[in-house]
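I opened my notebook to look this one up feature by feature. My plan was to start with burial and the overall build, then go to the aromatic rings.

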Amino acid sequence: RNLIMLGADHHGYVRRLMAMTKAFGDVPYVNLEILIGQLVNLVRNGEPVRMSKRAGTVVTLEDLVEAVGVDAGRYALVRSSIDSQVDIDLDLWGKKTNDNPVFYVQYAHARTNSVAKNAASAGVDRSAFDAALLSHETESVLLGILAEFPRLLRQAAELREPHRVARYSEELAGAYHRWYDNCRVTPQGDEEVTDVHRTRLWLNDAVGQVLRNALGLLGVSAPERM
């Protein structure tokens with residue numbers, strides 16, 4: 001089954017595709033499913049980027065990628081439901097700051113990699129895991145969000161709503177950043193390595209794995225350094 005997203009003015013094209021599907025012996029709307037998306041508006045410097053064929057200012061996907069990059073372009077398009085009109089702020093999506101949603105998520109992933117490397121340098125291994133040691137409130141929140149990932153994926157697939165994966169990624173990234181600010185994976189000073197550190201390393205790794213999976217499903221890279 002293929003999933004294709006088109007603009008709202010392509011109904012004739014959809015009918016032809018379905019006729020072609022039937023001619024090949026497949027079942028229209030079953031073997032080929034097409035979701036009709038709403039308009040996408042681009043904004044720069046607070047002003048809309050005009051999209052007029054007559055004026056010769058049509059904005060293509062190549063233009064979007066050139067303005068904000070592949071990852072930001074893909075994420076910006078998939079982050080909203082296709083039932084809603086999408087406004088893409090080129091200034092926002094081109095930023096390398098946490099204001100940019102895709103940067104925020106990618107930075108969280110890069111941070112998990114950095115934490116794991118620092119833990120290895122400090123002698124923290126993965127020889128123990130005890131969930132009972134994860135007693136901080138940010139850890140409870142993080143565990144709860146991680147547990148939701150399989151259900152979230154099933155729901156996104158059944159409803160044909162990939163934006164749920166993007167929004168989930170942002171929620172997980174936010175919870176991870178708050179956890180990072182409150183809980184240490186590596187010991188400080190002369191502090192000995194304990195099972196708390198080892199267990200937190202497992203939690204850190206789990207977040208990194210789920211973020212990689214989520215970004216991979218969206219076609220967005222998961223950098224190890226930023």
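Before counting anything, I fixed my term: a residue is buried if its relative accessible area is under 20%, and exposed if that area is over 50%. I also noted that I am working from a predicted model.

**Entry: burial and surface.** With that cut-off, I get 38% of the 226 residues in the protein as buried. For the outside, I have an exposed area of about 13100 Å². Carbon and sulfur atoms supply 50% of that area.

**Entry: fold.** I looked up the secondary structure next and found 9 helices and 5 strands. Going along the sequence, I wrote down the order as β-α-β-β-β-α-α-β-α-α-α-α-α-α. Then I asked myself how the radius of gyration compares with what the globule rule gives for 226 residues. The radius is 22 Å, well over the rule's 17 Å, so I put the protein down as more spread out than a compact globule. I also took the spans of the C-alpha trace along its principal axes, and these are about 70 × 45 × 25 Å.

**Entry: contacts.** Here I kept to contacts between residues at least 6 apart in sequence. Of these, 72% join residues that are at least 24 apart.

**Entry: charges.** I have 26 positive and 29 negative side chains on my list. The centres of the two sets lie 7 Å apart.

**Entry: aromatic pairs.** How many aromatic pairs are there? I get 4. Among them is Tyr75 with Trp93, whose centres are 6.1 Å apart, with 45° between the planes, and I logged this pair as tilted. Tyr75 sits in helix 3 (residues 70–78) and Trp93 in helix 4 (residues 90–93), so to speak 18 residues apart, and the pair links distant parts of the chain. Are the two rings' residues buried or exposed? Tyr75 has a relative accessible area of 0%, so I call it buried. Trp93 comes out at 6%, which is also under the 20% cut-off, so Trp93 is buried.

Next I checked Phe149 and Tyr168. Their ring centres are 5.3 Å apart and the planes are at 25°; planes under 30 degrees apart count as stacked, so that is my label for the pair. This pair, too, links distant parts of the chain: Phe149 is in helix 7 (residues 149–159), Tyr168 is in helix 8 (residues 163–182), and 19 residues separate them. Phe149 is buried at 7% relative accessible area, and Tyr168 is buried at 5%.

How values were computed:
Residues are numbered from 1 along each chain as its sequence is written. This is a predicted model: local features need pLDDT of at least 70, side-chain atom pairs count only at pLDDT 80 or more; totals for chains, interfaces and linings use all residues. Side-chain values use heavy atoms; hydrogens and water are left out. Helices (H or I, at least four residues) and strands (E, at least two) are DSSP runs, numbered from the N terminus. The radius of gyration is taken over C-alpha atoms; the globule rule is 2.2 Å times the number of residues to the power 0.38. Buried means under 20% relative accessible area, exposed over 50%, partly exposed in between (1.4 Å probe, protein chains only). Contact means heavy atoms within 4.5 Å. Accessible areas come from the Shrake-Rupley method with a 1.4 Å probe; for residues, only the protein chains shown count as cover. Lys and Arg count as positive and Asp and Glu as negative; His and the chain ends are not counted. The place of a charge is taken as NZ of Lys, CZ of Arg, CG of Asp or CD of Glu. Rings of Phe, Tyr and Trp (its six-membered ring) pair if their centres lie within 6.5 Å; planes under 30 degrees apart count as stacked, over 60 as edge-to-face and the rest as tilted.
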